[in-house]
Amino acid sequence: MEEKVKLQLFSSLLTLFICVYAAYTETLYSQTLILRNHNLPNQPTLSWPESTTSGSDPEPDPSTISVHLHHIDALSLNKTPSQLFHLRLQRDGARVKALFSLASLNQTRTISSGSGFSSSVISGLSQGSGEYFTRLGVGTPPKYVYMVLDTGSDVVWLQCKPCAKCYSQTDEIFDPSKSSSYTGVPCSSTLCRRLDSPGCSRKSSNCQYQVSYGDGSFTFGDFSMETLTFRRAQVPRVALGCGHDNEGLFVGAAGLLGLGRGGLSFPTQAGTRFNNKFSYCLTDRTASTKPSSIVFGDSAVSRTARFTPIIINPKLDTFYYLELLGISVGGAPVRGISASLFRLDSTGNGGVIIDSGTSVTRLTRPAYVALRDAFRVGASHLKRAPEFSLFDTCYDLSGLPEVKVPTVVLHFRGADVSFPAANYLIPVDNSGRFCFAFAGTMSGLSIIGNIQQQGFRVVFDLAGSRVGFAPRGCA
């Protein structure tokens, strides 16, 4: 009798082990995409606790800042979900083109202004391509404005009165003459010389800046020092451009908060205060009611983050380069993809960057084709649909409550990043068509975009020269 009981117990444990092992192996090979909503997201609405200065609020911790982020779609008025998605892909194409131009290190242009300022400028990114923005105060007393946040740019700038030419923005244009904390930067200062192409005002002997973007947009004005206020936390003496001539594809926001690695970016300038750490978490607008957010300071570092080293490109200090070793689909390494396809060479070409302003991940063409083909094999049970825009692998999932799809994992040095299914199979219309959200490029540069970053807290630990990924990090 005792032997029979032992046998039954052993049989039960064996069955349990098989079930657990089967469930575990299934998560390695495939996962379920829940199709709660087959439609594109509607235009988001704005709500800003950041600008509240209620006396009942607790005193802010000076060593950390946390603010909400919104998608730029919220500033595109009276657009349908389909129009918003097309605009996003349009911005994305312009953004990627500008990134490739900057990474190739050979694009310069000259801008002349009425003050006689004329010099060669390294072209950067279209501010119109910035995908996320926040609301912060500028000056003393603080005037709250929308600012795009961008890991692919360094210089902080906003539109200022008086305007030689200013584009339309949501808030009143900042007037530096009404701020007690505004000061100009002398032409002779070391800060002025840190600009790529500084100018000097003949009238005031103060430093002038100009930034040109890849789509022909530019901003020109006075380089200055000013106080920025995040909720109630003040960051004094931030070097920023006060733009009096701002022309091009700048819509809605007042300016840009550069989050790049360069010497004039906000994280670098405020590095001592925030221990050279920041992180953001971008939520999936189709599935989450939680806001996206950005955190500066030690609390930006998630305990669950897996880290990979930042690779230094001596030719270009703005971007965050990472070492991608390979990609797996359905639990198996993709044949034809090796670390050599993503290597940053000695001339500064190639490599992989992570970027908040690019939506769709771009992989150098051989890597993309191998990844796409492996995914098609794993998703062969799904009904194919016609191509859409830059997406060449699409499926008709209309009428289905859920589907099984192969897993996709990026293998960085020291960190494997396994994407939720919603990060790589996305709706592109309101008819149930979903597409594989990667694209190929003939450039040697690969870019990890924000669709793939959704739901992760992406940690930039500049003190440790590393980037981390914490899944389900938007809580």
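Tutor: Let's start with a rule: a disulfide here is a pair of cysteine sulfur atoms within 2.5 Å. Keep in mind that we are reading a predicted model.

Student: Happy to. How many disulfides does that rule give?

Tutor: In general, a disulfide is a covalent bond between the sulfur atoms of two cysteines. In this structure the rule yields six disulfides. With the bonded cysteines numbered in sequence order, they pair as 1-8, 2-3, 4-6, 5-7, 9-12 and 10-11.

Student: Let's take one. How far apart are the sulfur atoms of Cys 160 and Cys 242?

Tutor: They lie 1.9 Å apart, and the two residues form a disulfide. Its S-S torsion is about -100°, so this disulfide is left-handed. Cys 160 sits in the loop between strand E7 (157-159) and strand E8 (183-184), while Cys 242 belongs to strand E12 (residues 233-247), so the bond ties together parts that are 82 residues apart in sequence.

Student: Is Cys 160 buried or exposed?

Tutor: The cut-off to use is that buried means under 20% relative accessible area. Cys 160 has 0% relative accessibility, so it counts as buried. Cys 242 also counts as buried, because its relative accessibility is 0%.

Student: And what is the handedness of the disulfide of Cys 187 and Cys 200?

Tutor: That disulfide is right-handed, because the torsion about its S-S bond is about 95°. Cys 187 is in the loop between E8 and helix H3 (190-193) and Cys 200 is in strand E9 (residues 199-200), so the pair connects parts 13 residues apart in sequence. The sulfur atoms of Cys 187 and Cys 200 are 2.0 Å apart. Cys 200 is partly exposed, with a relative accessible area of 40%.

Student: Which residue does a disulfide join to Cys 394?

Tutor: Cys 435 is the partner, at an S to S distance of 2.0 Å. A torsion of about 100° about the S-S bond of Cys 394 and Cys 435 makes this disulfide right-handed. Distant parts of the chain are linked here: Cys 394 is in strand E23 (residues 394-396) and Cys 435 in strand E28 (residues 433-436), 41 residues apart. Cys 394 is buried at 0% relative accessibility, and Cys 435 is buried with a relative accessible area of 0%.

Student: Let's step back to the fold. How many helices and strands does the protein have?

Tutor: Its secondary structure comes to six helices and 32 strands. To see how the chain is brought together, look at contacts with a separation of 6 or more: residues 24 or more positions apart account for 71% of them. Buried residues make up 53% of the 475 residues.

Student: Which residues touch the most other members of the largest nonpolar core?

Tutor: Phe 266 and Val 408 do, in a core of 73 residues. Leaving aside residues up to four places away in sequence, Phe 266 touches ten-odd positions you can inspect one by one, including Val 156, Leu 228, Phe 230, Leu 257, Phe 274 and Phe 296. Another core lies apart from the largest one; it has 16 residues, among them Val 185, Leu 191, Val 211 and Leu 264.

Student: Where does pLDDT stay under 50?

Tutor: Where pLDDT is low, the predicted coordinates should not be read in detail. Residues 19-26 stay under 50, and the model has one contact beyond four places in sequence for them. Residues 50-56 also stay under 50, with twelve such contacts. Across the protein, pLDDT averages 85, and 83% of the residues score at least 70.

Methods. Residues are numbered from 1 along each chain as its sequence is written. This is a predicted model: local features need pLDDT of at least 70, side-chain atom pairs count only at pLDDT 80 or more; totals for chains, interfaces and linings use all residues. Side-chain values use heavy atoms; hydrogens and water are left out. Helices (H or I, at least four residues) and strands (E, at least two) are DSSP runs, numbered from the N terminus. Buried means under 20% relative accessible area, exposed over 50%, partly exposed in between (1.4 Å probe, protein chains only). Contact means heavy atoms within 4.5 Å. A nonpolar core is a set of buried Ala, Val, Leu, Ile, Met, Phe, Trp, Tyr and Cys residues joined through side-chain atoms within 4.5 Å. pLDDT is the predictor's confidence in each residue, from 0 to 100.
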